[in-house]
Amino acid sequence: MTHSISLSWSTASATVPETPVPSPAQLSNIDLVRRCQAGARPDRTAFTELLRRYQSYVDRVLYHLAPDWQDRSDLAQEVWIRVYRNIRRLQDPVKFKGWLSRIATNLFYDELRKRKRVRQPLSLDATFTTEDGEREWEIATEDPGPDDALTTDEFYDRLRVAIADLPEVFRTTIVLREIEGMAYEEIAEITGVSLGTVKSRIARARHRLQAQLQNYIDS
């Protein structure tokens with residue numbers, strides 16, 4: 001007896017689950033930058049996440065550059081406005097942090113020129129007056145102090161104060177070099193002075209900081 005078997009194939013296509021789009025919080029910094037660069041305007045959610053991750057960094061840069069400015073928050077806001085407008089011009093997303101640092105630094109210099117702040121630079125070769133009379137600056141040696149002294153909160157608090165007390169030109173160069181990690185050539189380009197002047201200012205700033213912090217280093 002012959003049995004006829006009929007096979008019926010469903011023409012309905014299987015439903016393939018869509019891959020969920022990762023949220024900005026799940027993206028790397030590089031992917032956030034790329035998402036901001038993808039459209040005609042930066043993606044709002046991606047840009048907001050970038051701001052959240054780097055806002056404290058920008059605030060820290062501006063604090064070291066302009067510790068006595070009461071309107072640093074306005075300056076920080078302007079930094080992010082410039083980032084929003086120009087992020088598509090950044091060719092290498094990997095270099096976002098350095099690019100952000102340059103925007104903050106250049107904005108600081110633009111504002112400094114507008115204010116035309118003229119401050120007499122401090123000469124470390126000159127004497128200074130104390131209750132005991134005229135004294136000369138005591139330049140500290142370059143011998144490193146004990147490592148444990150560098151880990152105390154008191155030391156770092158005093159370091160921040162000492163940096164803030166530096167003359168404008170010394171403070172700017174030492175911040176760009178030691179905190180931002182910029183090359184001497186980059187600092188010269190940003191500040192508009194010669195390479196030799198940059199090196200001289202950094203050396204003098206280091207000597208003064210060492211002199212002010214020598215008690216903490218030797219303790």
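This is a short talk on how the helices of one predicted model pack together, and on a few residues within them.

I'll start with the overall layout. The protein has 8 helices and 2 strands. Reading from the N terminus, the order is α-α-α-α-β-β-α-α-α-α, so please keep that string in mind when I use helix numbers. Of the 219 residues, 33% count as buried. As for contacts with a separation of 6 or more, 65% of them are between residues 24 or more positions apart.

Next, the core. The largest nonpolar core in the model contains 46 residues. Leu50, Val79, Trp80, Val83, Phe96 and Leu100 have the most contacts inside it. Which helices supply at least two residues each to this core? They are H1, residues 29-38, then H2, H3 and H4, then H5, residues 153-165, then H6, then H7, residues 184-191, and H8, residues 195-218. As background, nonpolar side chains in soluble globular proteins tend to be buried together.

Take Leu50 from that list. Setting aside residues up to four places away in sequence, Leu50 touches Asn29, Leu32, Val33, Cys36, Trp80, Ile87 and Phe96. Two of these partners, Trp80 and Phe96, are also named among the core residues with the most contacts.

Now the helix pairs. H3 covers residues 72-86 and H4 covers residues 96-115. Their axes are 10 Å apart, and the packing angle is about 125°. H3 and H4 are therefore oblique to each other. The crossing of H3 past H4 is right-handed. On the H3 side, the contact is made by Leu75, Glu78, Val79, Trp80, Arg82, Val83 and Asn86. On the H4 side, the residues are Phe96, Trp99, Leu100, Ile103, Ala104, Leu107, Phe108, Asp110 and Glu111. Sorted by class, this contact has 11 nonpolar, 1 polar and 4 charged residues.

H4 also packs with H6, which is residues 168-179. What is the angle there? About 170°, with the axes 12 Å apart. That angle is over 145, so H4 and H6 count as roughly antiparallel. H4 contributes Thr105, Phe108, Tyr109 and Leu112 to the contact, and H6 contributes Glu168, Thr172 and Leu176. By class, that is 4 nonpolar, 2 polar and 1 charged. Phe108 appears in the contact with H3 and in the contact with H6.

Let me stay on H4 for two single residues. Thr105 lies in this helix. Is Thr105 buried or exposed? Its relative accessible area is 0%, so Thr105 is buried. Apart from neighbours within four places in sequence, Thr105 is in contact with Leu65, Leu176, Met182 and Ile190. Thr105 and Leu65 are 40 residues apart in sequence, while their C-alpha atoms are 8.0 Å apart in space.

Gly98 is in H4 as well. With a relative accessible area of 28%, Gly98 is partly exposed. Between Gly98 and Gly181 the sequence separation is 83 residues, and the C-alpha to C-alpha distance is 9.3 Å.

The last residue is His64, in H2, which runs over residues 44-65. The relative accessible area of His64 is 9%. The cut-off for buried is under 20%, so His64 is buried. Not counting residues up to four places away in sequence, His64 touches Arg160, Ile163, Arg171, Val175 and Ile179.

That is the end of the talk.

Notes. Residues are numbered from 1 along each chain as its sequence is written. This is a predicted model: local features need pLDDT of at least 70, side-chain atom pairs count only at pLDDT 80 or more; totals for chains, interfaces and linings use all residues. Side-chain values use heavy atoms; hydrogens and water are left out. Axes are lines fitted to C-alpha atoms, for helices over the stretch in contact, and angles run from 0 to 180 degrees between N-to-C directions. Helices (H or I, at least four residues) and strands (E, at least two) are DSSP runs, numbered from the N terminus. Angles under 35 degrees count as roughly parallel, over 145 as roughly antiparallel, 65 to 115 as roughly perpendicular and the rest as oblique. A crossing is left-handed if the near helix is turned anticlockwise from the far one by less than a right angle, and right-handed if clockwise. Contact means heavy atoms within 4.5 Å. Ala, Val, Leu, Ile, Met, Phe, Trp, Tyr, Cys and Pro count as nonpolar, Asp, Glu, Lys and Arg as charged, and the others, Gly among them, as polar. Buried means under 20% relative accessible area, exposed over 50%, partly exposed in between (1.4 Å probe, protein chains only). A nonpolar core is a set of buried Ala, Val, Leu, Ile, Met, Phe, Trp, Tyr and Cys residues joined through side-chain atoms within 4.5 Å.
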